[in-house]
Amino acid sequence: MNAIGAAYEQLNKPEEALRNYEQSLAIKRGLGQKPGIALTLGNIARVQSSVGKPEEAYRSYQGAVKLQREIGDKKGLGVTLINLGQLYTERSRYEDALKAYKETLQIQRDVGDENNQALCLNNIGNVYLAKGQSSDALTYYERALELRKKANIPSQIGETLHNLGEASLKAGDYGQSLDYHLKALELFRSSGDKSGAAIQSYSMGTIFEYQGRYGAALKSKEEALKTFRELQDRSFWMAEILSDMETHSVRWGVTMRHGKI
């Protein structure tokens, strides 16, 4: 039942996923399988969060955390705390998020998981950036980048380069921000990640705009928009670009060319 729930979750069918996870949970509780109960509670929490039920997700995550502490499941606890930190971040509970991420960061160090260490460092950087503490964000992003370069996974390196660019922009260092985004752009292009490259083009357009280089800003943002339309993208980024282009079209003296997303 747990595996079937996971399959439905992958297929983006949360109701079916939740039903199977809950059936799995009932069986495991009947058998007294604490590790399995904790695992399935974490799965249920993840789905609850995805369908807009944060309070229910909190309770499920806390139930998993309690059991994992009780049975000494360090690896499981580390994963649950990462997911709980993400939920706290999404709900702007930044101090709770930092507490969860910093605890799991130490766990990942204890178990020697450098990939999850990098994820924790990157996520801590995200929280500090959301809090407006760009200097702290840069510190954690730089540490995450070191580990991600060792793992040599282009998408993860590109993500942290992008984040470094955003933090540098918030710090007012436009030149450094542009450099990070250029490096991310080259990486995404070389790995064939069109969506990642488009996001960097859009971000570079924002930097050009701050610098008063409106022609370059328009070119970068139009390039990003063209790519997202070709990909038939319906994500946050497509909506962000369309809204931004509409907002600035009058100032830039251009007319938006509408088309199907």
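This passage walks through a predicted model, from its overall build to its core, its salt bridges and a few unusual spots.

The predicted protein is helices from start to finish: 13 of them, with zero strands. Read from the N terminus, the order of elements is simply α-α-α-α-α-α-α-α-α-α-α-α-α. The C-alpha trace spans about 65 × 40 × 30 Å along its principal axes. Of the 261 residues, 46% are buried. The accessible surface adds up to about 13500 Å², and carbon and sulfur atoms account for 49% of that. As for how the chain meets itself, take the contacts between residues at least 6 apart in sequence: 47% of them join residues at least 24 apart.

Next, the inside. In soluble globular proteins, nonpolar side chains tend to be buried together. Here the largest nonpolar core has 47 residues, and Leu81, Ile124 and Leu161 are the ones with the most contacts inside it. Helix 4 (54-71), helix 5 (74-90), helix 6 (94-111), helix 7 (114-130), helix 8 (134-151), helix 9 (154-170), helix 10 (174-190) and helix 11 (194-210) each give two or more residues to this core. Ile124 is a handy place to look around. Once its neighbours within four places in sequence are set aside, Ile124 still touches Leu98, Tyr101, Lys102, Leu105 and Tyr140.

Helix 12 is worth a stop of its own. Ala224 sits in this helix and counts as buried because its relative accessibility is 0%, under the 20% cut-off. Beyond its neighbours within four places in sequence, Ala224 is in contact with Ala198, Ser201, Tyr202 and Ile241. Ala224 can also be set against Gly205, which is 19 residues away along the chain: the two C-alpha atoms are 9.1 Å apart.

Helix 12, covering residues 214-230, also holds Lys221. Despite its charged side chain, is Lys221 buried or exposed? With a relative accessible area of 0%, Lys221 is buried. Its side chain makes a polar contact with that of Glu209 at 3.2 Å, and the pair also qualifies as a salt bridge, with 3.2 Å between the closest N and O atoms. Glu209 belongs to helix 11 and Lys221 to helix 12, so this bridge links distant parts of the chain, twelve residues apart. Both partners are buried.

Salt bridges turn up elsewhere too. Side chains of opposite charge can pair when their charged atoms come close. How many such bridges does a search of the whole structure find? The search comes up with twelve. One of them joins Glu9 and Arg46, whose closest N and O atoms are 2.7 Å apart. This pair links distant parts of the chain, with Glu9 in helix 1 (residues 2-10) and Arg46 in helix 3 (residues 34-50), 37 residues apart. Glu9 is partly exposed at 23% relative accessible area, and Arg46 is partly exposed at 30%.

A further salt bridge brings together the side chains of Arg189 and Glu223, at 2.8 Å from N to O. Because Arg189 lies in helix 10 and Glu223 in helix 12, the pair ties together parts of the chain that are 34 residues apart in sequence. Both ends are partly exposed: Arg189 has a relative accessibility of 49%, and Glu223 comes in at 32%. The Glu209 and Lys221 pair, by contrast, is buried at both ends.

On the outside there is a nonpolar patch made of Met1, Ile4, Ile27 and Leu31, which together have about 380 Å² of accessible area. Of these, Ile27 lies in helix 2 (residues 14-31).

Finally, the backbone has a couple of oddities. Most residues other than glycine have a negative phi, and most peptide bonds are trans. Ser92 goes the other way, with a positive phi near 60°. Ser92 is found in the loop between helix 5 and helix 6 and, at 46% relative accessibility, counts as partly exposed. Gln232 is another non-glycine residue with a positive phi, in this case about 55°. The loop between helix 12 and helix 13 (236-252) is where Gln232 sits. Gln232 counts as exposed because its relative accessible area is 60%, over the 50% cut-off.

Note on methods:
Residues numbered from 1 in each chain as written. Predicted model: local features only at pLDDT ≥ 70, side-chain atom pairs only at ≥ 80, totals over all residues. Heavy atoms only, no water. Core = buried A, V, L, I, M, F, W, Y, C linked by side-chain atoms within 4.5 Å. Buried < 20%, exposed > 50% of the residue type's maximum accessible area, 1.4 Å probe, protein only. Helix = DSSP H or I, 4+ residues; strand = E, 2+ residues; numbered from the N terminus. Contact = heavy atoms within 4.5 Å. Polar contact = N/O pair within 3.5 Å; in protein donor to acceptor, adjacent residues only side chain to side chain. Patch = residues over 30% accessible without salt bridge, like charges linked within 9 Å, V, L, I, M, F, W, Y side chains within 5 Å. Areas by Shrake-Rupley, 256 points an atom, 1.4 Å probe, with all protein chains shown as cover. Salt bridge = Lys/Arg side-chain N within 4 Å of Asp/Glu carboxyl O.
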